[in-house]
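Subject: Structure for your review: the contact between two chains

Dear colleague,

Please find the structure below, together with its sequence. A short account of what was found in it follows.

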Protein chains: 4
Amino acid sequence: MDVDALQRLLDESPVHRGLGLLAVATDGGVLLDAGPGPEHSVGGGAHLHGGVIATILDTAATFALIDATGSDWSTVDLRVDYLRPAPVAALRATGHAVHAGRQLGRARAELCEPETGRRLAEAVGTFVRND
Amino acid sequence: MDVDALQRLLDESPVHRGLGLLAVATDGGVLLDAGPGPEHSVGGGAHLHGGVIATILDTAATFALIDATGSDWSTVDLRVDYLRPAPVAALRATGHAVHAGRQLGRARAELCEPETGRRLAEAVGTFVRND
Amino acid sequence: MDVDALQRLLDESPVHRGLGLLAVATDGGVLLDAGPGPEHSVGGGAHLHGGVIATILDTAATFALIDATGSDWSTVDLRVDYLRPAPVAALRATGHAVHAGRQLGRARAELCEPETGRRLAEAVGTFVRND
Amino acid sequence: MDVDALQRLLDESPVHRGLGLLAVATDGGVLLDAGPGPEHSVGGGAHLHGGVIATILDTAATFALIDATGSDWSTVDLRVDYLRPAPVAALRATGHAVHAGRQLGRARAELCEPETGRRLAEAVGTFVRND
C-alpha cells in the first residue's frame, strides 16, 4: 500500500483526523506522525491521556497488518506498555506485522519522540481478518 | 470517595469531558456512564474506535484504584479484550481494584450496553502509585 | 463435561500429571486442585516458578472453554498477573469462559490458596477453536 | 554478567535444570538454549505445553533484566503470544531488556527454532526490582 492509500484509509475515521495522524512511510511497517492537542491531555494538561496513546498504537498496529496483507483487520486484544509520560506534542508511531495467518494476526507498535527517538510506549496485539 | 469528588477528578481531563464521562456510583468499584459521539467512531461511523474503548476502560480501572485507596495511580500496562463491536451510543463502564499494594496495583474494567448488560470489552492493567 | 471426563483429558498431558492437577468441579467453570513439588520451585525453593503458575492458569482457562463448549481450544495469547508469591503447596485454580464465539474465545483463571481463598495470581487469554 | 555467572543463576532453579536451559550468550540480551523432553509435552506429545513455553520466555525476559542491571527482578505480569505450535525439540530463546527504571522494568523474549530462526512464540512483561 502506498502512503496516499494509507492516508485515505486513516482519514475515514474522525478519531484519526482529530489526532492529526499523517502517513509518512509504508516500508516494511507503517510510520505515522501524530499531532495531538490539548483536548487529548490528562489532568493538568502537559501529558497525553493513556487512552490516546493506546489509540495511536492500536491504529499503527492495525494498519501495519492492513499494509502487509491488503486485508482489513480488527483488534481482538491489545497490550499497551507505558514507558514514560508522553508530551502533548508532535509524536511518531511505528507499526509492524509480527505474524499474519489466514485468520489471526499479531502486530506491534511503538510511540516515540521524533527528535530523540526515545520510546514512550509500545503495544502488541492479536487481530482477526475481517474478510 | 463520593460520586461528586470522583466527577470533579474526572472533569479535570478534557478527554473525559469529551466522552461525557459521568460518575454514577462508587460502591465497591466505580460505575461510569459514557456518551461518546460521532467524533469517537471508526471507519463508517457505526462503531467506536478501539482506542476510545481503551480510553474508557483505562479510566474506569484507574479511578477504581483511586477510589479504593485515596492515592493517585498511573497506568503501567493495560490489556484490552474486545469482545463485540461497541456502538456509538450511551454505554456503561465499571472498574474494580483487584489488588492495591504499597507500590503496585491491579485493576479491571468492563464496558457494557446499559440496557442489556451485554459485555462489549474488558481490560486488566498494572498501575503504580504516584505518591 | 463431568469431572471424570475432565480428569481424563487433563491426564493426557504429562505436564498436568506432574503438577498433580485434579479436577474438582465443573459447575459454571472448572475447579482444579494442584499439588506442585520442589521440582516446580524457583531459586531457593520456597516459591513456585512464575512459569509453573502460568501453566496452571493456562490449563484452567483452556479447560473452562473446553468444558463450556465441548470443543477443543488452543491458547492464542495469555496475560498472567502475579499478585503474591505462590508457595510450593496445595493450591486451587478456577477457570471461567468469558466469551465463546465461533472462532475465538476468551477465558480467565485464578490461582488461590485453598484455605484462605487468597488470590495469588490470575490470567486472561484469547483462544481459538481447533475444530 | 558473563555466561558462566548466568548459568549458575539459572541452575539454582530445578525448573530451569529440568528444561535443560543453557546460557549461550549475554551480548545486549541473553541467549538461552532449551532442551525440553516428553514430560513437557501437551496431549499427544508432539508439542510443548503452552505453560512450558511461558516458562522459557518468562525466564529469558527476567534474566535479560538481571543481565542488563545486575539487580534481581520479579515478574509482575507477562503476556505470551503463541505464534506456532512448538515441537518437543531443541529450541532457542532470546531475552531483551526494553526499559529498566528504578522500580519497574520491561523486557521481551522470543522462542525460535534454532536452525530456521522461525519464531514460535514471544512475550513481553513488566517486572519489579527486588532490591
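In β5(D), Leu78(D) is the bridge partner of Val80(C). This pair belongs to an antiparallel pairing of β5(C) with strand β5 (residues 73-82) of chain D, which runs over five bridges. Strands here are DSSP runs (E, at least two residues) and helices are DSSP runs (H or I, at least four residues), both numbered from the N terminus; two strands pair if DSSP finds at least two bridges between them.

Please note that this is a predicted model, in which local features need pLDDT of at least 70 and side-chain atom pairs count only at pLDDT 80 or more, while totals for chains, interfaces and linings use all residues. Residues are numbered from 1 along each chain as its sequence is written, chains are lettered from A and ligands numbered from 1 in the order in which they are written, and side-chain values use heavy atoms, with hydrogens and water left out.

As to the extent of the interface, 27 residues of chain C are in contact (heavy atoms within 4.5 Å) with 27 residues of chain D. Between them, chain C and chain D bury about 1,900 Å², and carbon and sulfur atoms give 52% of this; buried area is the accessible area (1.4 Å probe) that two parts lose on being put together, summed over both. On the side of chain C, the residues that lose the most area to chain D are Val15(C), His49(C) and Tyr82(C), together 25% of what that side buries.

Turning to polar interactions, the rule finds two salt bridges across the interface of chain C and chain D, each a side-chain nitrogen of Lys or Arg within 4 Å of a carboxyl oxygen of Asp or Glu. The side chains of Arg79(C) and Asp77(D) form a salt bridge, at 3.2 Å from N to O. The side of chain C that touches chain D draws at least two residues from each of α2 (14-18), β3 (41-42), α3 (50-69) and β5 (73-82) of chain C. Its largest share, eight residues, comes from β5(C).

Finally, a turn of 180° and a shift of 0.0 Å along the axis lay chain C on chain D with an RMSD of 0.0 Å, superposed by least squares on the C-alpha atoms of residues with pLDDT of at least 70 in both. That is the relation of a two-fold axis. Arg79(C) is the residue of chain C that comes closest to the rotation axis, at 2.1 Å (C-alpha). Since 100% of the interface residues of chain C are also interface residues in chain D, the copies meet through the same surface.

With kind regards
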